[in-house]
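Subject: Structure handover

Hello,

Here is the structure for you to look over. My notes on what was found in it follow below.

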Amino acid sequence: MKKILLATTALVGFAGAASAEVSISGYAEMGIAGGNRGADTQFWTDANVTFSMSGTTDGGLTFGAKVDLDSIPGNVGPGLTQGGETMYISGSFGKITMGDTDGALDWAAQEIYMGTAIADDHSSHAGAYWNSGLDGTAGGQIARYEYSFGSFAAAVSAEIDTSIANNDVFGVGVKYSGDFGGTKVGFGLGYQDNSVQSMYAVTANATMSNGIVINVGYADLDAQAVGAKDTWAGIGVGYTSGALLVAANYGSYDVLGGPTVDGWGLVANYDLGGGAVVMAGYGTSSNVPVTPAGNEIGGLYGSDDTFSVGLGLSF
Amino acid sequence: MKKILLATTALVGFAGAASAEVSISGYAEMGIAGGNRGADTQFWTDANVTFSMSGTTDGGLTFGAKVDLDSIPGNVGPGLTQGGETMYISGSFGKITMGDTDGALDWAAQEIYMGTAIADDHSSHAGAYWNSGLDGTAGGQIARYEYSFGSFAAAVSAEIDTSIANNDVFGVGVKYSGDFGGTKVGFGLGYQDNSVQSMYAVTANATMSNGIVINVGYADLDAQAVGAKDTWAGIGVGYTSGALLVAANYGSYDVLGGPTVDGWGLVANYDLGGGAVVMAGYGTSSNVPVTPAGNEIGGLYGSDDTFSVGLGLSF
Amino acid sequence: MKKILLATTALVGFAGAASAEVSISGYAEMGIAGGNRGADTQFWTDANVTFSMSGTTDGGLTFGAKVDLDSIPGNVGPGLTQGGETMYISGSFGKITMGDTDGALDWAAQEIYMGTAIADDHSSHAGAYWNSGLDGTAGGQIARYEYSFGSFAAAVSAEIDTSIANNDVFGVGVKYSGDFGGTKVGFGLGYQDNSVQSMYAVTANATMSNGIVINVGYADLDAQAVGAKDTWAGIGVGYTSGALLVAANYGSYDVLGGPTVDGWGLVANYDLGGGAVVMAGYGTSSNVPVTPAGNEIGGLYGSDDTFSVGLGLSF
């Protein structure tokens with residue numbers, strides 16, 4: 001009594017009459033994760049299912065939504081509280097996306113990270129930054145409008161603060177992608193403001209025909225208090241050859257009135273085909289606040305490193 | 001590696017051999033919601049996925065179940081605690097439905113509301129009533145048996161109280177639908193009793209060939225204490241023309257030893273086709289208990305109004 | 001706008017190109033459950049959806065994952081915390097399974113229970129044992145490697161304790177299945193140790209051509225304190241004839257410094273076809289600790305019995 005869902009390509013021929021559809025994909029991880037996590041090397045297992053919905057209006061607008069099996073159940077405040085879902089409507093006017101989506105800064109700025117590790121060690125060390133800007137500081141319900149023109153695209157975004165402080169977040173971003181003699185080049189610039197803080201990020205990346213990728217990023221985080229992060233700079237370099245991807249990255253924060261916090265990461269992915277990828281990741285951090293079980297060195301600041309090895313499985 | 005599920009019509013030809021099946025549908029909302037909610041006008045986003053299962057026994061009985069992605073995870077008391085699921089078995093004997101389903105009163109009585117708003121403003125003002133009767137007063141695990149004969153259908157229902165009070169809820173309902181010279185007419189009558197309270201509801205509706213629909217309802221809520229709601233009466237009027245639906249409703253509660261609590265609602269839906277509908281809703285309430293941030297007028301009783309505008313997306 | 005997923009057989013012809021797929025199955029229960037549960041006879045309803053994912057690497061390894069709709073949402077500690085998911089990779093080297101899966105003891109030992117009841121009364125009385133061994137005593141993240149050779153299969157398993165006690169669980173199991181003149185025979189032997197406790201279980205079963213099945217089991221539970229369970233022995237006998245299965249079982253625990261705790265169960269299943277099964281179960285227990293509302297007889301130890309009747313629906 002099991003129902004099998006087939007790959008897209010096998011069924012496209014029958015889809016002509018479908019006005020709206022739900023597509024299902026899955027992802028699972030199995031392996032081990034260790035290092036100075038404050039615990040032993042442990043088994044790491046995770047699985048998730050994603051529901052991607054799409055449709056088209058009679059007038060040709062496309063729309064859709066996405067939600068995960070492990071999203072927060074919507075029982076509490078389904079509409080006004082963010083639970084992990086996104087939805088969009090798109091047409092010649094551009095595209096509006098709402099929900100748990102990137103603000104315009106994050107949309108415009110490209111991450112410096114390549115490859116995946118089951119515990120994301122390479123991209124979650126103390127020097128890592130994901131261009132999150134001010135996203136999530138006002139409840140996480142984001143609306144973003146984007147528009148493309150040639151090699152350029154631009155976006156504006158908003159996140160409404162319903163607290164008495166009323167610190168609504170507004171953002172703007174622009175990005176460019178082009179090709180210079182076989183090298184694909186991209187630039188991104190994003191800015192966000194919530195009337196208390198203003199942040200910006202600028203990123204650049206180059207993908208060469210020999211398989212080498214270089215990503216760089218810089219962000220002004222506008223520290224408001226001693227101990228807060230003020231600026232960030234990072235670089236990621238990767239190389240792909242056949243089924244193999246190897247990448248390294250380094251990132252560093254300047255902290256107001258404190259020591260620099262930085263870290264670097266390494267990742268290797270080997271694609272076994274059919275959706276299975278062998279993944280190994282390593283991350284190391286300096287000057288992270290010391291907790292009793294989580295660090296090698298005592299004192300006010302220590303260092304930390306973590307690793308994971310396993311399989312990432314896509315369905 | 002995505003799997004696409006097709007619309008029903010595209011696949012019916014292959015379904016002959018299927019003895020049991022799971023069908024998947026999705027719904028999402030995006031827009032803004034505001035008014036006197038005690039907060040700013042905010043973004044409203046929500047998405048859900050519904051799993052509808054059905055099968056047929058060798059003897060020709062049909063059965064099925066329905067559960068949502070945002071149902072309460074069943075880990076705690078899966079069988080005895082209600083988590084949002086329903087299931088049924090049906091045959092020439094009638095149909096038995098169990099779980100998070102309507103008691104016989106709600107099954108028989110028709111709502112006065114038409115159309116949908118993303119925040120349901122038009123149907124959730126202080127004067128709104130959904131014929132819920134005593135449903136949910138004893139844990140929410142309901143069993144209902146229904147049977148149809150010609151233009152009539154009848155149902156009985158039970159909800160077992162496992163507390164020491166032992167106030168089991170029993171219900172009975174009957175409804176009629178017919179056609180008088182092109183006007184479709186329906187009547188509903190439902191009654192519930194839990195040995196402390198007894199409630200009844202009576203509803204009537206007419207759908208005219210010119211697109212006008214009129215729904216009326218009355219309920220005796222059998223107030224047991226000062227401040228409780230004693231009776232309710234409401235009317236809803238709607239008009240459909242092509243892709244457009246507009247509707248208005250008014251409802252009013254008599255409160256034991258207190259002022260009348262009433263409200264009215266407006267809703268407009270415009271169908272863009274393909275599953276996308278533009279939705280606007282408005283609701284206003286009088287004599288709702290005043291909370292500091294949620295009302296316009298100070299004092300013991302105030303008024304309240306809310307609105308929402310956005311897209312409802314079905315997949 | 002509903003999407004129907006078809007039965008496996010209907011779509012196999014199209015599946016050739018699919019490299020990875022998600023199959024969906026559902027299960028629901030409806031009925032009543034009663035007895036000395038400390039409450040009235042109540043309605044019992046439950047529904048769940050299971051996502052089974054599978055794929056094949058270019059080199060011919062098969063892999064997959066399984067997760068339920070009512071698994072614990074993965075938001076908290078998705079990788080290191082067990083939320084109900086399992087995943088595997090399999091090839092000529094054997095099979096590695098991780099997550100919420102059986103340790104080697106439980107994998108090798110066969111349960112004595114046959115049939116299903118909606119509330120599992122027949123297999124959850126005070127004398128029931130499920131060969132769980134030490135599974136779950138160290139967080140529940142289990143890794144198991146298994147290998148088959150002819151009529152034999154063997155497995156080893158581990159569960160890492162990340163607490164300061166460091167009581168990692170290791171297990172080993174072996175099982176055999178064969179056919180002696182039309183009677184299918186199986187044996188299982190499993191052992192687990194966490195450096196504080198060591199447990200073993202041994203089971204045997206015979207399935208005769210006349211429809212009778214006999215299962216027996218014995219487990220040494222290595223009680224560490226007065227009041228703990230030290231050994232268990234049980235027997236289950238079933239008979240299948242056409243659509244009908246009836247089965248009975250008895251199990252008994254020796255308790256260190258306390259009375260024997262035992263119970264027996266009865267179950268009957270009648271298959272209506274198409275995925276619907278009528279299920280009746282009964283279980284009775286002796287010498288369970290007395291709680292005010294849950295027992296017939298006062299005093300330090302009493303007895304307990306429960307029953308359930310309903311439908312199990314598979315989709």
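One aromatic cluster in chain A is formed by A:Tyr147, A:Phe149, A:Phe152, A:Tyr176 and A:Phe187. Please keep in mind that this is a predicted model. Searching the whole structure gives 33 aromatic pairs over all chains. In one of them, the ring centres of B:Phe149 and B:Phe152 lie 6.1 Å apart with the planes at 10°, and because planes under 30 degrees apart count as stacked, this pair is stacked. B:Phe149 is partly exposed, at 42% relative accessibility. B:Phe152 is also partly exposed, with a relative accessible area of 38%.

Two lysines sit over aromatic rings. A:Lys95 has its charged end over the ring of A:Tyr88, 4.6 Å from the ring centre. In chain C, C:Lys175 lies over the face of C:Trp107, and here the distance to the ring centre is 4.2 Å.

Next, the strands of chain A. Strand E10 of chain A (residues 183-193) and strand E11 of chain A (residues 198-207) run antiparallel and are joined by 10 bridges. Within this pairing, A:Gln192 has A:Met199 of E11(A) as its bridge partner. The hairpin of E10(A) and E11(A) has 4 residues between the strands, and A:Ser195 takes a positive phi near 75° in it.

E11(A) is also joined to strand E12 of chain A (residues 212-220), by 8 bridges, and these two run antiparallel. Here A:Val202 is bridged to A:Tyr218 in E12(A). There are 4 residues between the strands in the hairpin of E11(A) and E12(A), where A:Gly211 has a positive phi near 100°.

On backbone angles, most residues other than glycine have a negative phi. Which loop residues go against this? A:Asn166 has a positive phi of about 60° although it is not a glycine. A:Asn166 lies in the loop between strand E8 (152-159) and strand E9 (169-180) of chain A, and its relative accessible area of 39% makes it partly exposed. C:Asp222 is another residue other than glycine with a positive phi, near 55°. The loop that holds C:Asp222 is between strand E12 (212-220) and strand E13 (229-241) of chain C. C:Asp222 has a relative accessible area of 21%, so it counts as partly exposed, since buried means under 20%.

B:Glu21, in strand E2 of chain B (residues 20-35), falls on the other side of that cut-off: its relative accessible area is 16%, so it is buried. The C-alpha atoms of B:Glu21 and B:Gly55 are separated by 6.5 Å, while the two residues are 34 residues apart along the chain.

Last, a pocket. The second largest pocket has a volume of about 430 Å³. Which residues line the second largest pocket? They are B:Asp68, B:Asp102, B:Asp106, B:Glu111, B:Thr116 and B:Trp130. By class, this lining has 4 charged residues, 1 polar and 1 nonpolar. The charged ones are B:Asp68, B:Asp102, B:Asp106 and B:Glu111, because Asp and Glu count as charged. B:Thr116 is the polar residue and B:Trp130 the nonpolar one.

Regards

How values were computed:
Residues numbered from 1 in each chain as written. Chains lettered and ligands numbered in written order. Predicted model: local features only at pLDDT ≥ 70, side-chain atom pairs only at ≥ 80, totals over all residues. Heavy atoms only, no water. Pairing = 2+ DSSP bridges. 1 Å grid on protein atoms, 1.4 Å probe; cavity = no way out; pocket = protein on both sides within 12 Å on 5 of 7 lines; lining within 4 Å. Points joined across faces, edges and corners; volume = space filled by probe spheres on them. Buried < 20%, exposed > 50% of the residue type's maximum accessible area, 1.4 Å probe, protein only. Phe/Tyr/Trp six-rings, centres within 6.5 Å; stacked < 30°, edge-to-face > 60°. Lys NZ or Arg CZ within 6 Å of the ring centre and 35° of its normal.
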